[in-house]
Amino acid sequence: MTKTVADVMKLVKEKECTFVDFRFVDTKGKEQHTTVPISHFDEDKFESGHAFDGSSIAGWKGIEASDMLLMPDPTACYIDPFYEEPTLVITCDVIEPSDGKGYDRDPRSIAKRAESYLKSTGLGDTAFFGPEPEFFIFDGVRWGADMQGCFVKVESEEAPWSSGAEIEGGNTGHRPGKKGGYFPVSPVDSFQDMRSEMCLILESLGIPVEVHHHEVAGQGQNELGTRFSTLVERADWTIWQKYVVQNVAHAYGKTATFMPKPIVGDNGSGMHVHQSIWKNGENLFAGNGYAGLSEFALFYIGGIIKHAKALNAITNPGTNSYKRLVPGFEAPVKLAYSARNRSASIRIPHVSSPKGRRIETRFPDPLANPYLCFSALMMAGLDGVQNKIHPGEAADKNLYDLPPEEDAKIPTVCASLEEALEALNKDREFLTRGGVFTDSMLDAYIALKMEDVTRFRMTTHPIEFDMYYSL
């Protein structure tokens, strides 16, 4: 719901807010905040912004040029549902004070430039996105990694390993089992009330909820389905959704994670991303080609397939992401498109109305920064349209069961974060068009993510003892 500055000031008064929380998102996709008392908040904040030190944010400015401004967006605010004190939360763009423009490494400013770029091409005027981030809710988690060794322990009453546990009040025995979470009723599904509470809070923030359910993995994997929207707004909502999920779980004495693969041997969490491009109120993806798609939509798919390995660095930005994207299992690693086949990394959902025609990119995961993820997917798709990159024939066979010679012909996503970062380094021009992403931002992004690669590479893993200790 679009709000003006006057609307925001009225809301603050009506709700008797005592504080205002300025929020922004860093390169990794984590929401950051700073809070001011209501006595220091007035209409001028929407003109002058709120100063902060940008040098302390990972991957951002050096200490020699650290002053930045948070510029609150009146269209993106809500009353915090968790704080004791009535607090207005307002999403901000990060502005470079020297020129008043969006900081080139601020993810939300990048997403805004992506929306402007789409209009400037004349190809379309609106990009719609609908992400489906899955997540796990555990009872507890412990880990450690130091010179003495390393371990991780996940605690979950729903998990298959809890069937032999002595639990205070008795072990009920009702649990989903491995890959058994889709869709038994309670008491097997023990998260109904928690998910319902998450949904009611999301609705109160203005995010329409369409569905909620337990997901496949048997230890607290869940999903809340929320409505699609425009690129920047839908990225805002995804950040808000993560905040709500993690805080409701926390209030229940549980812990929620959007890690793609926290559990070995059960399903990982993806973030399928539905998308379509519109112009003058018309869906440009609707046509009379394969599965009701237009040539425009097929070229868009061609762009995503062409740039998929570079996209992986943004859509699958953690070393853990590639524990999910392993060939031969039920992961969308094959770079093909299909209307029937969930093994393809791009699916065309069946819809009755041409207005709903869209594509679903299945390889992204919820570690992705949604501002960067949606922008990069759109830039790749638009490159496909501009250069008429046809994706070839659709794949209507099960891609997990192909003969080896056919299998070898279908390209795959990256197998590691390092491979993805190398691909992004080489294939980045499509992202920098219209100044959407800058080379300096991409250099800083690659350097930041390489720190993860190096740290992971240097840490001895317990499974290596299993494989090599007595050789």
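## Local features of a predicted model

In this predicted model, the side chain of Thr257 reaches the backbone nitrogen of Met259 at 3.0 Å. Thr257 belongs to strand β13, which spans residues 255-257. Its relative accessibility is 17%, and because the limit for a buried residue is under 20%, Thr257 counts as buried. Leaving aside residues up to four places away in sequence, Thr257 touches three phenylalanines, Phe135, Phe136 and Phe138, together with Pro262.

A second buried position is Gly29, with a relative accessibility of 13%. Gly29 sits in the loop that runs between β1 (19-25) and β2 (31-37). Once residues up to four places away in sequence are set aside, Gly29 touches Ile239 and Asn369. The C-alpha atom of Gly29 is also 7.2 Å from that of Pro370, although 341 residues separate the two along the chain.

Ile239, one of the residues touched by Gly29, falls within helix α5, which covers residues 231-251. Helix α5 packs with helix α3 (residues 107-121), the two axes being 9 Å apart and the angle between them about 155 degrees. Angles over 145 degrees count as roughly antiparallel, and α3 and α5 are therefore roughly antiparallel to each other. On the α3 side the contact is made by Arg108, Ala111, Lys112, Ala114 and Glu115, and on the α5 side by Leu231, Val232 and Asp236. Of the residues in this contact, four are nonpolar and four are charged, with no polar ones.

How many disulfides does the model contain? The count is zero. A disulfide is a covalent bond between the sulfur atoms of two cysteines. The cut-off applied to a pair of cysteine sulfur atoms is 2.5 Å. For Cys92, the nearest cysteine sulfur is that of Cys77, 10 Å away, and Cys92 is in no disulfide. Cys414 has its closest cysteine sulfur in Cys373, at 15 Å, which is too far for a bond. Cys92 is buried, with a relative accessible area of 1%, and Cys414 is buried, also with a relative accessible area of 1%.

The backbone has some further features to record. Two cis peptide bonds are found in the loop between β9 and α4. One joins Tyr182 and Phe183, with omega about 15 degrees, and Phe183 is in the loop between β9 (149-155) and α4 (192-204). Another joins Ser186 and Pro187, with omega about 10 degrees, and Pro187 lies in the loop between β9 and α4.

Positive phi values in residues other than glycine are listed below.

| Residue | Phi | Loop | Relative accessible area |
|---|---|---|---|
| Glu16 | near 50 degrees | between α1 (5-14) and β1 | 63% |
| Lys388 | near 50 degrees | between α9 (370-386) and α10 (404-407) | 58% |

Are these residues buried or exposed? A residue counts as exposed when its relative accessible area is over 50%. Glu16, at 63%, is therefore exposed, and Lys388, at 58%, is exposed as well.

Notes: Residues are numbered from 1 along each chain as its sequence is written. This is a predicted model: local features need pLDDT of at least 70, side-chain atom pairs count only at pLDDT 80 or more; totals for chains, interfaces and linings use all residues. Side-chain values use heavy atoms; hydrogens and water are left out. Axes are lines fitted to C-alpha atoms, for helices over the stretch in contact, and angles run from 0 to 180 degrees between N-to-C directions. Helices (H or I, at least four residues) and strands (E, at least two) are DSSP runs, numbered from the N terminus. Angles under 35 degrees count as roughly parallel, over 145 as roughly antiparallel, 65 to 115 as roughly perpendicular and the rest as oblique. Contact means heavy atoms within 4.5 Å. Ala, Val, Leu, Ile, Met, Phe, Trp, Tyr, Cys and Pro count as nonpolar, Asp, Glu, Lys and Arg as charged, and the others, Gly among them, as polar. Buried means under 20% relative accessible area, exposed over 50%, partly exposed in between (1.4 Å probe, protein chains only). A polar contact is a pair of N or O atoms within 3.5 Å; within protein, one must be able to donate a hydrogen and the other to accept it, and residues adjacent in sequence count only if both atoms are side-chain atoms.
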